[in-house]
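New to this one? Take a moment with the sequence and the 3D view, and then we'll walk through it piece by piece.

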Amino acid sequence: MDKRGTCGSRMARGGTARPRGVLAPVRAASCAQLLSSSRHCPWKMNQLPPKSAVASPVSESTNSRGEALDTLSMDSFWLEVENIKQSTEAEQEECSLADVKTQEEGEAEAEWLQDAGLAELLGEPAGDKDNLVLLSTLTRTQAAAVQRRLDTYSRSRRRRNKQPVRDVRDIFAAGGSQDTAAEKEESSPDPLWHNLRTSNTQRTETQDYSCTVRNPGKEEVFNMDVAYSEQAAVLLKGSFLSEPRKLKDGNALTRFKIPKGRLGVTRIGDLSAQDMKKVPTLALIELTALCDILGFELKRNKAAKLKTTEKRLFGVPLNTLLENDQKLLPNTKVPLLLQALLSCLEKRGLETEGILRVSGSQTRIKSLEQKLERDFYSGLFRWDDVHQNDVSGLLKRFIRELPAPLLTAEYLPAFAAVQNIPDLKQRLQALNLLILILPESNRNTLKALLEFLSKVVAREKNNKMNLWNVSTVMAPNLFMHKGLPNKIPEGKEKQLAEGAADVVRMMIHYQDLLWTVSSFLVAQVRKLNESNSKRYQFCDKRIKNLLRKIHADKDKVEKNQGEPSKVVKVHASLLLKDSLEVHLNNATRVADVLRQFQKNLCQNGWNIVNTVNLLKCNNSTECSNLLLYEVGGNIGEHCLDPDTYLLDLYHINPHAEWIIKQNPSCPRMF
C-alpha cells in the first residue's frame with residue numbers, strides 16, 4: 001500500500017482484537033504516537049470513521065466492555081482531531097521535542113534506577129547518598145521491582161564486559177553469597193521474586209483475567225493503607241472486577257470510598273514541599289512494582305531538551321511561565337493565562353451549548369493569541385469582547401502548544417497504557433501513582449483544568465456536554481503532541497483513541513481520589529525522614545549523647561504506646577500568645593481540638609497577638625476556618641485530616657509539634 005492511503009485506510013478499518021489484557025512491547029506505543037500522526041497524514045473528513053463504525057473495545061477482557069463501547073460515538077474525538085489539523089496546517093512548525101530513540105539494553109533500567117533515587121546501585125556517585133536509605137522502606141513487591149531492573153542492568157553490563165555492579169540483595173541482606181545476580185537468581189531466588197517472575201511469565205503467555213462485571217453505581221472501598229502492588233499480589237490468582245468502560249451517565253460509574261483510618265486521609269497539598277519531593281520516587285517504584293505484578297511493561301520516554309521560543313505565553317514551558325507569573329504574583333501555582341481562560345469560561349461559557357466541542361473561528365483564535373501575547377501582562381486585553389467558543393479554542397490551543405505535553409513526554413505512554421489494565425480499581429491505582437510522579441507545575445495545572453471540566457459536566461442539562469462528550473473532546477488535546485513520534489501500531493487507531501478518552505474520563509470523574517497521597521506512601525516518607533535523621537545523628541561528634549538520647553526516645557515511644565491518655569500542648573503562635581493544653585484519649589480527633597480552641601478563644605478571652613492575624617470568615621471565628629498541622633519529628637509539615645485520631649498520631653510521631661494555623665483558602669475579614 002502506498003503512503004498516501006495508509007492513514008485513511010487504517011482509520012476506516014478501526015481496531016483489531018488482541019489477546020486479553022496484554023500490553024505487548026510493540027503495542028505499548030502511546031496514544032500520543034497515534035494522534036501525533038494526524039499532522040503528518042493527509043486524511044480528509046470523509047475518511048474519518050462513520051458514526052456506526054465503533055471498533056473494538058479498549059481492552060477485550062470481557063464482552064460487556066465491547067457492548068458498552070458500541071453504544072457511544074467517537075465523532076467528537078475525530079472532529080476535534082480534524083480541527084487541530086486544520087488549525088496547524090498553515091504552521092509548518094518543527095517538533096519541539098526530539099524524537100524518542102530506541103534505548104540499548106540496560107539503558108532504560110539504568111535511567112529508572114537513577115530516577116528512583118538509586119544511582120549508587122549502578123556504581124556511580126549519587127548526588128544525595130541518603131537516597132539509599134529508601135531501600136529499607138520498600139515493601140517486598142517494591143524490592144522485587146528494584147531487583148528485576150538491577151538484574152537486567154547487571155546482565156547488560158556483563159555482556160559489554162564492564163565492571164560488575166553492586167547487587168541489591170546485599171543491601172536487602174538476602175544472603176552473603178558472592179555469586180553474581182544471575183547466578184543468585186537461578187540458584188536461590190527470593191521466593192516472592194521467583195513467584196512473581198513465574199506468574200508474570202505465565203500470564204504474559206496466556207493473560208486471561210477472570211472478570212466479574214461490576215454493578216454500576218455501587219460504592220466500593222478503595223484501600224490506600226496497603227501498597228497497591230501488595231494488594232495485586234494477593235489478588236494474583238483471584239478474579240478482578242470489571243466494569244463496562246463507556247457509560248454515558250457519569251452517575252452510573254462505580255463509586256469508590258477511601259476508608260479513613262485512625263490517621264485520616266492525606267491530600268496532595270497537605271504535605272510540605274520537602275516531603276512531597278520524596279513522593280515521586282516512591283510512587284515510581286510502586287507503579288513499576290504494580291505493573292510487574294499485573295504483567296504490564298511500564299513504558300517511559302526519554303526526557304528531551306526543549307527549544308526556546310520568543311513568545312511569552314503560548315508555546316512556553318510551564319516552569320518558565322510560572323517563573324514569570326511569580327514575579328507579578330508570588331506563590332502562583334497555575335499559569336495566570338490559564339487561570340484567566342478558565343475564569344472567563346466559568347463566567348460566560350458553562351451554560352453555552354456545545355462548549356469545548358463547538359470550535360471557534362481559527363482566524364479569530366490566532367488573532368486573539370497575538371493580542372494576548374502583546375496585551376495580557378499589561379492588563380489591556382478585554383475578555384468581555386471575546387466569544388466563549390473562541391476562549392475554549394484558546395484554552396485547547398494553550399494546552400497543545402506547550403513545548404512538552406501536560407502529562408509530560410516521559411510518562412505520556414504510561415498514561416495511555418493505563419487503558420490496558422482490566423480492573424477499574426487498578427487502573428485508578430496506576431493513575432493515582434502517575435499523578436504523584438508528575439512535576440508539581442504539571443500536576444497543579446492539570447488539576448485546575450480537571451476542576452473546570454467537572455464544572456462543565458455539572459451543567460450538562462444546559463450545555464449538552466456530558467462526561468463522555470467532554471472526555472472525547474479533550475483527549476486529543478492532552479494526548480496529541482507534535483514532538484512525539486508517529487509510529488502507529490497496525491489497526492489500533494480507534495482502540496487507542498477510545499482508550500485515551502477513557503483515561504481522561506477517569507481523571508475528570510475520580511480526580512478527588514487521584515489527588516490523594518496513599519497512607520502507605522506517607523508511612524514510607526516518615527521512614528525516610530527517620531532514617532535520614534538517624535544517619536545524621538550517627539555522624540555527629542557528640543555521638544555518645546545522641547545515641548543515649550535515641551535509646552531514651554525509643555523507650556519513651558514504647559512506653560507511650562501503652563498509655564491510654566496523654567496531655568500535649570497545641571500552639572497557635574500566629575494567633576495567640578498562649579498554647580492550648582489538650583488531654584488526648586483514644587477518641588480525641590483533630591476536629592475536637594479545633595472546637596476546643598474555638599471555645600476557649602471566644603469564652604476565655606485569650607491574649608490575642610494581633611487582631612489582623614486572627615482569622616475571621618463571614619464575621620465569625622469558626623473552627624472550620626482553622627487547620628491543625630503536624631510539624632517536625634518524622635515529617636516536615638503535615639496538614640491533618642479533621643478525623644485524625646491524635647493519640648495514634650502521637651504514638652507514631654511523638655517528637656512533632658502541633659500548630660493551629662488559619663486555612664489559606666479562607667479570606668481574611670478585618
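What follows is a short tour, from the overall make-up down to single residues.

## The big picture

First off, this is a predicted model. The protein has 670 residues, and 55% of them count as buried. Its secondary structure comes to 27 helices and eleven strands.

How much of the contact map links residues 24 or more positions apart? Taking the contacts with a separation of 6 or more, such pairs make up 81%.

## Helix α6 and its partners

Helix α6 is a handy place to start. It runs over residues 140-159, and its 20 residues reach 28 Å from first C-alpha to last, close to the 28 Å expected at 1.5 Å a residue. Most of this helix is covered, with 15 of the 20 residues buried.

Two residues of α6 are worth picking out. Ser154 sits in this helix and is buried, at 7% relative accessibility. Its C-alpha is 7.9 Å from that of Gly106, although 48 residues separate Ser154 and Gly106 in sequence. The other is Arg148, whose side chain meets that of Asp292 in a salt bridge, at 3.1 Å from N to O. Asp292 belongs to helix α12 (residues 279-294) and Arg148 to α6, so this pair ties together parts that lie 144 residues apart in sequence. The two ends of the bridge sit in different surroundings: Asp292 is buried at 8% relative accessibility, while Arg148 is partly exposed at 23%.

## More salt bridges

How many salt bridges does a search of the whole structure find? The count is 20. As a general point, side chains of opposite charge can pair when their charged atoms come close.

Here is one within a single helix: the side chains of Arg505 and Asp502 meet with an N to O distance of 3.1 Å. Both residues lie in helix α22 (residues 493-509), three residues apart, so about one helical turn separates them. Arg505 is buried, with 1% relative accessibility, and Asp502 is buried too, with 0%.

Another bridge links Arg589 and Asp592, with their closest N and O atoms 3.9 Å apart. Arg589 is partly exposed at 21% relative accessible area, and Asp592 is also partly exposed, at 25%. This pair is part of something wider, as salt bridges with shared partners join Lys260, Arg589, Asp592, Arg595, Asp641 and Asp643 into one network.

## The second largest pocket

Now for some empty space. The second largest pocket has a volume of about 1000 Å³. Its lining takes in 30 residues, and those nearest the centre are Ile268, Gly269, Lys333, Glu440 and Asn444. By type, the lining residues split into 14 nonpolar, six polar and ten charged.

Which helix gives the largest share of this lining? That would be α19, with eight residues. The helices that each supply at least two lining residues are α11 (273-276), α14 (336-348), α18 (424-437) and α19 (440-458).

Helix α19 deserves a look of its own. Its 19 residues reach 27 Å from the first C-alpha to the last, close to the 27 Å expected at 1.5 Å a residue. Of those 19 residues, 14 are buried, so α19 is largely enclosed by the rest of the structure.

## Loops and a buried proline

Two loop residues have a positive phi without being glycines. Leu356 has a phi of about 80 degrees and lies in the loop between α14 and α15 (362-375). Lys464 has a phi of about 60 degrees and is found in the loop between α20 (460-463) and α21.

Buried or partly exposed: which fits Leu356? Leu356 is buried, at 0% relative accessibility. Lys464, on the other hand, is partly exposed at 45%.

Just along the chain is Pro476, a residue of helix α21 (residues 467-479). Pro476 is buried, with a relative accessible area of 0%. Its C-alpha is 10.0 Å from that of Leu79, even though the two residues are 397 positions apart along the chain.

Methods:
Residues are numbered from 1 along each chain as its sequence is written. This is a predicted model: local features need pLDDT of at least 70, side-chain atom pairs count only at pLDDT 80 or more; totals for chains, interfaces and linings use all residues. Side-chain values use heavy atoms; hydrogens and water are left out. A salt bridge is a side-chain nitrogen of Lys or Arg within 4 Å of a carboxyl oxygen of Asp or Glu. Helices (H or I, at least four residues) and strands (E, at least two) are DSSP runs, numbered from the N terminus. Buried means under 20% relative accessible area, exposed over 50%, partly exposed in between (1.4 Å probe, protein chains only). On a 1 Å grid over the protein atoms alone, a cavity is a set of points where a 1.4 Å probe fits but cannot get out, and a pocket is an open set with protein on both sides within 12 Å along at least five of seven lines; lining residues have an atom within 4 Å of a point. Grid points are joined across faces, edges and corners, and a volume is the space filled by probe spheres set on the points. Ala, Val, Leu, Ile, Met, Phe, Trp, Tyr, Cys and Pro count as nonpolar, Asp, Glu, Lys and Arg as charged, and the others, Gly among them, as polar. The expected span of a helix is 1.5 Å times one less than its number of residues. Contact means heavy atoms within 4.5 Å.
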